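Reader: I'd love a close look at the place where the two chains meet, and then a walk outward from there into each chain. Could you take me through it in one go?

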Amino acid sequence: MILLFEQLLNGLQYGVTLFLLAAGLTLIFGIMGVINLAHGALYMVGAFAASWVAIQTGSFWGGLLSGLAASAIAGVAVELGVMRRLYARDHLDQVLATFALILIFNQSTVLIFGRQPLFTSVPDVFSGSVEILPGLPYPTYRLFVIAVGLAVALGLYLLINKTRVGMLVRAGATNRQMVRALGVNIQGLYTAVFALGALLAGLAGVMASPIVSVQVGMGDEIILATFVVVVIGGVGSVKGAFVAGIVLGMFDTMLRAFLPGLLQQVMPGPEAQALGVGVSSMGIYLMMALVLLVRPRGLFAARG
Amino acid sequence: MKRLLTTASLLAAMAVPAFADGTKIGVITTLSGPAGYLGEQIRDGLALGLDASGAAYELVVEDDGRDPNTGVQVADRMLNEEGIKLLTGIVFSNVSGAVVPEALDAGAIYVSPNAAPSGLAGAKCHPNYFVVSWQNDSLHEASGAAAKKLGYTTAVALAPNYQAGKDAIEGFKREFGGEVTEIYTGVEQSDFAGEMAQIRDKAPQVVFQFHPGGQGIAFLKQYQQSGLLGTIPMVLSEPSYDGVILKAVGPAAVGLTGTTHWNADFDNEASKAMVAAWTAAHPDVPLTTYAQQAYDTGLLIGAALQKAGGDGDIAALQAAIKSAEFTSTRGSFAFGPNQHPVQDWYLTAIEADAAGNPVIVTKEKIREAVGDVYAADCKM
């Protein structure tokens, strides 16, 4: 029982990370119609900037701010320099250009930081564990990550549903020609949304940096799962990204945690592990296929 | 700028003749990714060992990125285009499993400073394949023996799901003899939250884990963060608690138990000379067993090159390496029938130094003059 609960928490933590990435990606895709493969690179930028500053200054919080700033600035630069020219073009051009951006970001990071990963520590306040159930101490930092993710979800909900900017974002996701026709400064909105998406990706990177090893290509691994979240949740829907992110994070963690163990009952250890890991990494794609069969536009598609 | 370039190229041109007479040694090793420092340790240890041997040499170093395909491509280039006949350097068993047969087929000699997968130690042993470090299994048999000696009867054993990981758990189980729950992790995995939950659920008397390089750092940190450190004791083999890992984990590592074939506090002349040479050359980098193994490899190769007069006569070089005429930094060293080492293993404790930082202290010898279980299958 404790094991199940702990794995659910692990899944929740992975889920909020996926949500932070998917929220930005789904907004950018929904509003601008751009497939941004380089979203994972912004995650990496956030993680590297935060880790580097944290190592230099010894302050996690300084690193947090620098990571957010660096990813937002990178986002604005990418929007102004590259994305602007792509809105009118078809998806193939966008995929090519953003794929090139991945390579450019990765190689630039190699040039600046080298091929070896950066290692940072969690801040002292969060270095221990809290006993959340009798017999279950859980790492404080992971609880912090979950809390931050949920707080961002609430903040985004308020921003999108209760503010004028949010209204424009919703309108843009539903019908961007109409928003333009009504005389809204769509260029400014695009830049703002892109920067927000980059900021959230950067935040995900910063949060993950003390847990995973911060290395070149770290964004490429997680971006595939993020795309699955966007597709399942429905393009353009932050609510969809939240629900799909959490569900997928938990589903994936549960499969990884329990499938190899179950398989080990019937076959030798390494083979059970290989098969278990293989099937669990297919799990989220199977889930995506099932969701698309029932709801071809995803669970909460913004566009009618 | 132009002048700078000219000066640089002049310097480079001047530097070449000093090495031009030396035998080219191909070093294929892992210099990128979370385990990139392992390759640096091997590269630098090898150079110091060769320097100490007094042989004339030239190292051709390339990164394999822990990828067998890259490793084979690099080996192909070294063997066929650069005419290199002596290869070494591989860190990981998956790379070595692909590259070593390629090198042997080409008639070259491969001397391993680290990886020694079970697949190459038994029936597939080869006269031109030497291992200076240890056979993978025996590295972890020592940990199994240590866990048994400490009186534990139930264990959770964790290792990445590739050849060396399987060898690790097999080796541990062989000497431990108690009840073992096996958990295989991903080779690129760095978040072990799921595994921590499984360990907590199993509540074993002891945890054994094999995670080299960056994975080992992540594992120990997360073991501490999840509150398991101090609750369930851990026994480690040398790759999971090297100096770099201990430096990254910090005081939290104090109290762990480890097993090793060499430690920096060994009281013999060769080891002391190596520690002094390393400290002079790399004052800020901890000296690990990877560098020590490579240093021994350098001593062995250097002595053999001098005896055989270079790599002109491969059979003479092979015989010279086989005679193993060098003084190992680990004390007693001999090649077994499969040209893997026969050596002693030691129990170590991780204690706090004056500043509270973890330091490895040798406690006692737990296995004496052991080779590996695959040697019996080797017919040369």
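Author: Happy to. The contact between the chains draws 28 residues from chain A and 25 residues from chain B. On the chain A side, several elements each supply at least two residues: helix H1 (2-32), strand S2 (136-139), helix H5 (140-162), helix H10 (238-264) and helix H11 (269-294). By type, the side of chain A that touches chain B divides into 14 nonpolar, ten polar and four charged residues. Please keep in mind throughout that this is a predicted model.

A good residue to start from is A:Val277, which sits in helix H11 of chain A. Once neighbours within four places in sequence are left aside, A:Val277 is in contact with A:Arg256, A:Pro260 and B:Gly186. One of those partners, B:Gly186, belongs to chain B, while A:Arg256 and A:Pro260 belong to chain A. Is A:Val277 buried or exposed? A:Val277 has 20 other C-beta atoms within 10 Å, and since 20 or more is the cut-off for burial, A:Val277 counts as buried. There is also a link in space to A:Leu255: the two C-alpha atoms are separated by 8.2 Å, although the residues stand 22 apart along the chain.

Let's stay in chain A and turn to a pair of helices that both supply residues to the side touching chain B, H1 and H10. How do they pack? The axes of H1(A) and H10(A) come within 7 Å and cross at roughly 145°. That crossing is right-handed. The residues making the contact of H1(A) with H10(A) divide into 17 nonpolar, nine polar and one charged.

Next comes helix H9 of chain A, which covers residues 218-233. From its first C-alpha to its last, this helix of 16 residues reaches 23 Å, close to the 22 Å expected at 1.5 Å a residue. Even so, H9(A) has a bend of about 25° at A:Leu224. H9(A) is also mostly covered, with twelve of its 16 residues buried. Among the buried residues are A:Met218, A:Gly219, A:Ile222 and A:Ile223, and also A:Val228, A:Val229, A:Val230 and A:Val231. Just after H9(A), A:Gly234 adopts a positive phi of about 105°.

For a contrast in surroundings, look at A:Arg89, in the loop between helix H3 (60-81) and helix H4 (91-113) of chain A. A:Arg89 is exposed, because it has 12 other C-beta atoms within 10 Å and 12 or fewer is the cut-off. The C-alpha atoms of A:Arg89 and A:Val34 are 9.2 Å apart, with their positions 55 residues apart in sequence.

Now over to chain B, beginning with another pair of helices. Helix H5 (residues 136-149) and helix H6 (residues 163-176) of chain B pack at an angle of about 40°, their axes 6 Å apart. The crossing of H5(B) and H6(B) is right-handed. Residues making this contact include B:Asn136, B:Asp137, B:His140 and B:Glu141 of H5(B), together with B:Asp167, B:Glu170, B:Phe172 and B:Arg174 of H6(B). Overall, the residues of the contact divide into seven nonpolar, six polar and eight charged.

Two loop residues of chain B deserve a look at the backbone. Most residues other than glycine have a negative phi. B:Arg66, however, has a positive phi of about 60° although it is not a glycine. B:Arg66 lies in the loop between strand S2 (57-63) and helix H3 (68-81) of chain B, and it is buried, with 26 other C-beta atoms within 10 Å. B:Gln339 also has a positive phi, near 60°, and is likewise a residue other than glycine. Its loop runs between strand S11 (334-335) and strand S12 (341-352) of chain B. B:Gln339 counts as buried too, with 24 C-beta neighbours inside 10 Å.

We can finish in strand S12 of chain B, where B:Pro341 is found. With 26 C-beta neighbours inside 10 Å, B:Pro341 counts as buried. Which residues does B:Pro341 touch, not counting those up to four places away in sequence? They are B:Val131, B:Val132, B:Trp134, B:Phe333, B:Phe335 and B:Gly336. One of these, B:Val131, is 210 residues from B:Pro341 in sequence, yet their C-alpha atoms are 6.7 Å apart in space.

Definitions and conventions. Residues are numbered from 1 along each chain as its sequence is written. Chains are lettered from A and ligands numbered from 1 in the order in which they are written. This is a predicted model: local features need pLDDT of at least 70, side-chain atom pairs count only at pLDDT 80 or more; totals for chains, interfaces and linings use all residues. Two residues are in contact if their C-beta atoms, placed from the backbone, lie within 7 Å. Helices (H or I, at least four residues) and strands (E, at least two) are DSSP runs, numbered from the N terminus. Ala, Val, Leu, Ile, Met, Phe, Trp, Tyr, Cys and Pro count as nonpolar, Asp, Glu, Lys and Arg as charged, and the others, Gly among them, as polar. Axes are lines fitted to C-alpha atoms, for helices over the stretch in contact, and angles run from 0 to 180 degrees between N-to-C directions. A crossing is left-handed if the near helix is turned anticlockwise from the far one by less than a right angle, and right-handed if clockwise. The expected span of a helix is 1.5 Å times one less than its number of residues. The bend at a residue is the angle between axes fitted to the seven residues ending there and the seven starting there.
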